[in-house]
Amino acid sequence: MVQSSVSGTVRALERELGTPLFDRTTHRVALTPAGEAFVPAARATLRAAEQAREAVDAARGQLRGRVTVGTMQGVWAGLHHALAALRAEHPGVVVQLRQAAVADIRQALREGTVDLAVVALDRQQQRGLTTRLLSREDMVLLASPRRVLAGATPGGEVRIADIAALPLVDFIPGWAIRCAVDRAFRAAGVDRSTTFEVNDIVAAAELVRNDLGVCVMPGSIADRFPDLPQYRFNHHVPHWKVMVVRPPGEPSPAVAALLRHITFSCTFSCIISCTICCPSPRGVVCLCRSPCL
């Protein structure tokens, strides 16, 4: 569709609504308050039309549609297995993946531009969303093999207070890992300062590997760097909860199919590796085989 056709359609819509949707100047085009109110309603209408088509296709035994999945760096929970299984079972379903900060993913869920997400949210961030817990995991301290940590026990445990004076590699504000670490330091009543602030897990590991700082991250992520020693916290342990979340209401058939595969993939991964969900096999059932979303 050419620009002139789009402009004509928008102006026709504005005449029908009886109000401008855009403020237009020679330098910029911005939504009016009416336009800002119109956009989410229009997206919801388009999504409802897509869901209606998907429901008809499902009744005919031909599951089709489009699913947009949100996730954040470091949170995976076997998602690739679920996406591959969905493609094999329903090749007519198109899946798009969007990786972003947790605040952006939550906003996209509210706006309807993301259908479901595998993320780590705190209790406040879960409000207004339908959630299913996939895993709960403690975080560890990652350090260089050359670094001697004062106060570390022979069993490899440290206190939050012991690391506050060390050069810390932190993730940027808005990351779920950063939120969990901030909460742990506040709970311990310990102040800290950030030496390095990154938005990439590999960059954090390289800084640690070269003994430029220490970093707190989930154990499942720390396991990707086996050459770097891990230390457990004995009190005020940072942790996160990984969950699959979606807007409230009945999911479309395509979204429901992906949800089933995500739950199965997470359960299977936990049984095989036991690194995220469970200290014992019973923990897998508790976290991953919860009632359907």
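Biologist: Let's start with a loop. Between which two strands does His 236 lie?

Modeller: His 236 sits in the loop that runs from strand S11 (230-233) to strand S12 (239-246). Do keep in mind that this is a predicted model.

Biologist: Why does His 236 count as partly exposed?

Modeller: Its relative accessibility is 41%. Buried would need a value under 20%, and exposed one over 50%. His 236 therefore belongs to the class in between, partly exposed.

Biologist: What is the sign of phi at His 236?

Modeller: Phi is positive there, near 50°, and the residue is not a glycine. As background, most residues other than glycine have a negative phi. Asp 211 is another non-glycine residue with a positive phi, of about 60°.

Biologist: Where is Asp 211, and what makes it partly exposed?

Modeller: Asp 211 is in the loop between helix H7 (201-209) and strand S10 (214-218). Its relative accessible area is 23%. The limit for buried is under 20%, so Asp 211 is placed in the partly exposed class.

Biologist: Since H7 leads into that loop, which of its residues are buried?

Modeller: They are Ile 201, Ala 204, Ala 205, Leu 207 and Val 208.

Biologist: How do you know that the buried residues of H7 line one face?

Modeller: Looking down the axis of H7, these residues fall within an arc of 160°, so they occupy one face of the helix. They pack against strand S6 (130-142), strand S8 (168-171), strand S9 (194-198), S10 and helix H8 (219-222).

Biologist: Which residues of H7 does Phe 171 touch?

Modeller: Ile 201 and Ala 204 are among its contacts, which also include Val 198, Cys 215 and Met 217. Phe 171 is also one of the residues with the most contacts inside the largest nonpolar core, along with Leu 116, Leu 141, Trp 240 and Ile 262.

Biologist: How many residues does the largest nonpolar core have?

Modeller: It has 71 residues. In soluble globular proteins, nonpolar side chains tend to be buried together. Of the 293 residues in the protein, 41% are buried.

Biologist: What makes Thr 68 a buried residue?

Modeller: Buried means under 20% relative accessible area. Thr 68 has 13%, so it counts as buried. It belongs to strand S3 (residues 65-71), and its contacts include Gln 96, Asp 115 and Leu 116.

Biologist: And Leu 63, in the loop between H2 and S3: why is it called buried?

Modeller: The reasoning is alike: its relative accessibility is 12%, and the cut-off is under 20%. Leu 63 also has a partner from further along the chain: its C-alpha atom is 6.2 Å from that of His 90, 27 residues away in sequence.

Biologist: Helix H3 (residues 79-89) has buried residues too. How do you know that they are on the same side of the helix?

Modeller: The residues are Leu 79, Ala 82 and Leu 86. Around the axis they cover an arc of only 60°, which puts them on the same side of H3. Arg 87 and Ala 88 are exposed on the other side.

Biologist: Why is Phe 264, in helix H9 (residues 253-273), called exposed?

Modeller: Exposed means over 50% relative accessible area. Phe 264 has 57%, so it is exposed. Its C-alpha atom is 9.2 Å from that of His 81, a residue 183 places away along the chain.

Biologist: What share of contacts join residues at least 24 apart?

Modeller: Counting contacts between residues at least 6 apart in sequence, the share is 72%.

Biologist: Finally, the largest pocket. Which element gives the most to its lining?

Modeller: H2 does, with six residues. The pocket has a volume of about 420 Å³ and a lining of 22 residues, with Arg 47, Gln 51, Gly 112, Pro 247 and Pro 248 nearest its centre. The elements that each give two or more residues are helix H2 (33-59) and helix H4 (102-111).

Biologist: What classes of residue make up the lining?

Modeller: There are ten nonpolar, five polar and seven charged residues.

Definitions and conventions. Residues numbered from 1 in each chain as written. Predicted model: local features only at pLDDT ≥ 70, side-chain atom pairs only at ≥ 80, totals over all residues. Heavy atoms only, no water. Core = buried A, V, L, I, M, F, W, Y, C linked by side-chain atoms within 4.5 Å. Buried < 20%, exposed > 50% of the residue type's maximum accessible area, 1.4 Å probe, protein only. Contact = heavy atoms within 4.5 Å. 1 Å grid on protein atoms, 1.4 Å probe; cavity = no way out; pocket = protein on both sides within 12 Å on 5 of 7 lines; lining within 4 Å. Points joined across faces, edges and corners; volume = space filled by probe spheres on them. Helix = DSSP H or I, 4+ residues; strand = E, 2+ residues; numbered from the N terminus. Nonpolar A, V, L, I, M, F, W, Y, C, P; charged D, E, K, R; others polar. Arc of directions from axis to C-beta. Lists of a residue's contacts leave out its neighbours within four places in sequence.
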